[in-house]
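The following paragraphs offer a guided reading of one protein structure. The reader is invited to keep the sequence and the three-dimensional view at hand.

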Amino acid sequence: MTEFIAIDPRTVERNPSLTRAGLVLRNGGLVAFPTETVYGLGGNALDPSAVRRIFAVKGRPADNPLILHCATVREVERLVRELPPVARRLAARFWPGPLTMVLWRRPEVPAVVSAGLPTVAVRIPAHPVALALIESAGVPIAAPSANTSGKPSPTAAEHVLADLDGSIEMIIDAGPTAVGLESTVLDLTAPIPRLLRPGGVTLEDLRRILGRTGVETARAESERPASPGMKYRHYAPQAPMTVFVGEAAALYELFSAELKRAAAEGKRLAILAHSDIAGGLDRLGLGLVLDLGPRGQEEIAAQRLFTLLRACDAEKVDGILAESGRNEGLGRAVNNRLLKAASGRVIKVGEVVHCSAD
Ligand code: TXA
Ligand code: MG
């Protein structure tokens with residue numbers, strides 16, 4: 001039986017449910033909890049059997065390491081060999097917050113947490129419920145996103161319930177998450193800090209602290225995966241998905257033509273588009289039109305994306321056409337998740353092609 005408890009984030013002080021959830025964690029149980037990014041599936045990071053259960057429950061490959069969640073920098077220091085000055089600067093600026101740092105692991109941290117790697121990923125989440133839970137457990141909490149492997153990360157407790165009901169001890173519901181996408185993963189064991197996953201802390205944010213040349217982002221295809229998670233096929237919706245890049249007017253024309261064509265063939269498409277064109281497309285009444293929010297407001301697209309992708313599966317659409325956003329700020333992380341969901345299928349639309357007549 002999975003116990004489902006709702007907690008108002010404003011009442012975490014000495015909340016008896018959180019005290020109990022902390023005890024469940026300390027005793028080897030699994031508790032799903034909210035963070036500012038997505039819901040996490042927590043277990044005692046220092047208890048190898050709890051950690052193995054996290055992998056089992058999610059159906060996660062054993063070579064994909066977990067992030068450890070702490071409430072204070074002091075606790076982080078007990079997990080890593082050292083916190084170099086650059087990590088301290090980043091911590092001072094971004095913790096608590098959606099930045100995960102990969103550092104050298106201390107031998108006291110069970111190797112299973114890091115899938116045997118000599119490193120460990122750590123972060124301090126910016127959510128009062130998460131922080132109170134970690135404090136009440138009194139141990140670092142290993143927590144991947146609380147979805148079953150192959151599903152989008154959960155941004156609401158209902159998503160966790162849909163994936164994990166019956167297989168974990170508790171789900172703590174504190175409403176939808178603020179950021180909606182996972183944390184940024186930054187490898188600080190590399191000579192130059194390497195961005196392994198774009199997320200809630202933007203590249204521009206990192207560059208403001210590390211300088212323009214202080215973050216490495218490029219990844220040659222031939223290179224071994226920088227982050228073990230990157231080699232896995234990420235969430236892909238049941239229906240084939242394609243991402244489109246182009247001007248709003250050109251995309252409106254294309255999407256409406258595709259909706260009409262599909263309808264004529266007795267098929268139903270889902271369109272993920274920004275509000276300015278989503279409204280008009282929806283009025284055609286021909287498919288499932290999902291609104292990513294106002295163009296240029298990537299934080300809204302980030303909040304909505306995983307919920308909208310879950311809706312595409314629930315509605316059993318025949319195909320998904322998505323509009324990409326700006327490739328800056330949080331938009332990089334949104335585009336990264338869109339691309340992964342589309343298995344890399346991207347089409348550029350509406351470019352003027354010049355060709356000579358002779
Ligand atoms: O926002 C988040 O990061 C959420 C919340 C719950 O904190 N957690 C999350 O965890 O997204 P997960 O397990 O879904 O993603 C962790 C990512 C994976 O891509 C994994 O490969 C990478 O972090 N990672 C973990 N430990 C690593 C390590 N030692 N070296 C390189 N990459 C690591
Ligand atoms: Mg995940």
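In this predicted model, the side chains of Glu169 and Arg53 meet in a salt bridge, with a distance of 3.2 Å from N to O. Glu169 belongs to the loop between α6 (157–164) and β8, whereas Arg53 belongs to helix α2 (residues 48–58), so the pair ties together parts that are 116 residues apart in sequence. Glu169 counts as partly exposed, at 31% relative accessibility. Arg53 likewise counts as partly exposed, at 29%.

This pair belongs to a wider set of contacts between charged side chains. A search of the whole structure finds 20 salt bridges. Among them is the one between Glu3 and Arg20, whose side chains meet at 2.8 Å, N to O. Here Glu3 in strand β1 is linked with Arg20 in helix α1, and the two residues are 17 apart in the chain. Glu3 has a relative accessible area of 30% and is partly exposed; Arg20, with 38%, is partly exposed.

A further salt bridge joins the side chains of Asp276 and Arg295, at 2.8 Å from N to O. Asp276 sits in helix α9 (residues 275–283), while Arg295 sits in the loop between β13 (288–291) and α10 (298–314), and 19 residues separate them. Asp276 is partly exposed at 47% relative accessibility, and Arg295 is partly exposed at 36%. Elsewhere, a network of salt bridges links Lys151, Asp163 and Arg310.

The strands may be considered next. Strands of a sheet pair through backbone hydrogen bonds, in either a parallel or an antiparallel manner. One open sheet consists of 10 strands, in the order β1-β8-β2-β3-β7-β4-β6-β5-β9-β10, and its pairing is mixed. At its edges stand β1 (3–6) and β10 (194–197), each of which pairs on one side only. Helix α4 (residues 85–94) packs on this sheet, where it touches β5 (99–104) and β9 (184–187); the direction of α4 makes about 160° with that of β5.

Two pairings illustrate the antiparallel sense within the sheet. Strands β4 and β7 pair in this way over 2 bridges, and Leu68 stands opposite Ala142 in β7. Strands β9 and β10 also run antiparallel, joined by 3 bridges. Leu186 has Leu195 in β10 as its bridge partner. Together, β9 and β10 form a hairpin, with 6 residues between them.

Helix α5 (residues 128–137) shows how a helix can contribute side chains to the interior. Its residues Val129, Ala130, Ala132, Leu133, Ile134 and Ala137 are buried. These buried residues pack against several elements: the helices α1 (16–26) and α3 (73–77), and the strands β2 (31–33), β4 (67–69), β7 (141–142) and β8 (170–173). After α5 comes Gly138, which has a positive phi, near 75°.

A second open sheet has 5 strands, arranged in the order β13-β12-β14-β11-β15 with parallel pairing. Strands β13 and β15 (346–348) occupy the edges with a single partner strand each, so one side of each is left without a neighbour in the sheet. On average, and with direction ignored, neighbouring strands of this sheet are turned by 20° against each other. Helix α8 (residues 248–264) lies across β11, β12 (269–273), β13 and β14 (319–323), and runs at about 165° to β12.

Within this second sheet, β11 and β15 pair in the parallel sense over 3 bridges, and Phe244 stands opposite Ile347 in β15. Strand β11 covers residues 241–245 and includes Val245. Is Val245 buried, or is some of it exposed? With a relative accessible area of 33%, Val245 is partly exposed. The cut-off for joining a patch is over 30% relative accessible area, so the 33% of Val245 satisfies that requirement. Val245 forms a nonpolar patch on the surface with Leu339 and Val346, and the three have about 190 Å² of accessible area together.

The route through the model thus leads from salt bridges between separated parts of the chain to an open sheet of 10 strands, then to the buried residues of α5, and lastly to an open sheet of 5 strands with parallel pairing.

Notes:
Residues numbered from 1 in each chain as written. Chains lettered and ligands numbered in written order. Predicted model: local features only at pLDDT ≥ 70, side-chain atom pairs only at ≥ 80, totals over all residues. Heavy atoms only, no water. Patch = residues over 30% accessible without salt bridge, like charges linked within 9 Å, V, L, I, M, F, W, Y side chains within 5 Å. Areas by Shrake-Rupley, 256 points an atom, 1.4 Å probe, with all protein chains shown as cover. Salt bridge = Lys/Arg side-chain N within 4 Å of Asp/Glu carboxyl O. Helix = DSSP H or I, 4+ residues; strand = E, 2+ residues; numbered from the N terminus. Buried < 20%, exposed > 50% of the residue type's maximum accessible area, 1.4 Å probe, protein only. Contact = heavy atoms within 4.5 Å. Pairing = 2+ DSSP bridges. Axes fitted to C-alpha atoms, helices over the stretch in contact; angles between N-to-C directions.
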